Amino acid sequence: MTRTAKDFFAPLAVGAPAPLREIPARPSRAIHFFDPGNEKMAAKVPDMVGTVDVLLGNLEDAVKAENKEKSRQGLVDIGRATDFGPTQFWTRINSLDSPWVLDDLTTLVPEIGDKLDVIMVPKVQGAEDIHYVDRLLAQLEAKAGLTRPILVHAILETARGVANIEEICAASPRMQGLSLGPADLAADRRMKTTRVGGGHPGYLVRQDAPKVGGETQYDAERTSYQQDLWHYTIARMVDACAMHGIYPYYGPFGDILDTVACEDQFRNAFLLGCVGAWSLHPVQITIANKVFSPSVEDVTHARRVITAMGDGTGAVMIDGKMEDDASVKQCQVMVALAEELAAIDPELKKQYAAIPDQVEVHQS
Ligand SMILES: CCC(=O)SCCNC(=O)CCNC(=O)[C@H](O)C(C)(C)COP(=O)(O)OP(=O)(O)OC[C@H]1O[C@@H](n2cnc3c(N)ncnc32)[C@H](O)[C@@H]1OP(=O)(O)O
Ligand SMILES: O=CC(=O)O
Ligand SMILES: [Mg+2]
């Protein structure tokens, strides 16, 4: 038999902190990756506090095997020395089948467990992976005397992980969210793209060939549109996360120089329901902060609909468009996000505050 509902409210080890009943909606527009063993990157971390929602010390892929211990120790040093203020502090541990992960967890929890908000677990295949981390974290938290539970974030980057997405989300009250891992996922699925996220010029739909005098002109110029390779997986992820009260994120966009396409990919994810994306290079923080913050126009419109709808029931016409109970809920999502962001981002606070409170409503 699986765990009962009440089991989820009890710690998995004597003395471990009580599990959270709800995952707090903390802004996490950019999860900025840095290698804590890389002196140049590590030196930049203190100045990044307050400019990015999440700083993530990465111990897994992109850290050379010979540097794993150095990066782990670098993370401990940074965690101890840094006051993270409003910025969340996360880490990505090595995969559960690697020779490093046990030392990652048994070192990080006692040394900097009081600073770590979330542990990202790569290559999660099913609920059993989360159960393993869940119990081990509870034991380590109890031993370290921690008073709040460290949350867990899973990367969706194997075909089995995608197939088991709902059970992964439901596996523990520690589950904070999921990220799409397009690089490992492409490899595991045997997709034929060698890109790290983003689109592919070969994945497209093409306009039908025109007919001239009854003859189909296969050689004629035809419009084609590139499609989003990741749409299906992101949409699954968004549904699974929403259903379980946790948060979905787009992962890495490897073409650092193509800031335009990065913004497009992030925006697609934002529109579909993701709350943030990874940043691999400082330039991507700016993109994510912009994309995952509702525009002043969207917030203005949302507030206007909410005002016009009064108690939130019925239907009104605003600028020729019908608004009702459902669209007011969409607007509430937008305004709630704006308020969360305004609480931590002074520039956005100023922009949103400039929106008049009672916007005039023109009803048809
Ligand atoms: C694909 C699947 C995945 O797992 S993705 C997640 C794993 N990958 C990562 O975490 C990659 C993180 N990023 C990086 O390693 C670097 O940004 C890469 C992509 C290699 C580019 O570095 P580099 O060639 O030095 O870039 P650059 O010359 O433009 O750097 C300018 C200055 O900024 C620094 N920088 C670079 N990246 C970061 C970062 N992520 N965090 C903090 N600082 C960063 C560079 O060190 C450089 O510093 P300086 O000006 O020389 O002092
Ligand atoms: O870890 C991320 C990925 O795309 O793989
Ligand atoms: Mg990966």
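E157 counts as buried, because its relative accessibility is just 3%, and the cut-off for buried is under 20%. Keep in mind that this is a predicted model. E157 is also one of the residues that hold a metal ion here: together with D184, E157 coordinates the magnesium ion (ligand 3).

**The magnesium site**
- The magnesium ion (ligand 3) is coordinated through OE of E157 and OD of D184, at 2.1 Å.
- These two residues come from distant parts of the chain, 27 residues apart.
- E157 sits in the loop between β5 (151-156) and α5 (159-163), while D184 belongs to helix α7 (residues 182-189).
- D184 counts as partly exposed, because its relative accessibility is 25%, and partly exposed covers the range between 20% and 50%.

**The overall fold**
- If you trace the protein chain, you'll find 13 helices and 14 strands.
- A compact globule of 364 residues would have a radius of gyration near 21 Å, and the protein chain, with 23 Å, agrees with that.
- Along the principal axes, the C-alpha atoms fill a box of roughly 75 × 55 × 50 Å.
- Take the contacts with a separation of 6 or more: 74% of them involve residues 24 or more positions apart.

**Inside and outside**
- Out of 364 residues in the protein chain, 47% count as buried.
- The accessible surface of the protein chain is about 18100 Å², and carbon and sulfur atoms make up 54% of that.

**Charges**
- The protein chain carries 36 positive and 50 negative side chains.
- The centres of those two sets lie 3 Å apart.

Notes
Residues numbered from 1 in each chain as written. Chains lettered and ligands numbered in written order. Predicted model: local features only at pLDDT ≥ 70, side-chain atom pairs only at ≥ 80, totals over all residues. Heavy atoms only, no water. Helix = DSSP H or I, 4+ residues; strand = E, 2+ residues; numbered from the N terminus. Rg over C-alpha atoms; globule rule 2.2 N^0.38 Å. Buried < 20%, exposed > 50% of the residue type's maximum accessible area, 1.4 Å probe, protein only. Contact = heavy atoms within 4.5 Å. Areas by Shrake-Rupley, 256 points an atom, 1.4 Å probe, with all protein chains shown as cover. Lys, Arg positive; Asp, Glu negative; His and termini not counted. Charge placed at Lys NZ, Arg CZ, Asp CG, Glu CD. Donors = N, O, S within 2.8 Å, 3.2 Å for Na, K, Ca; no water.
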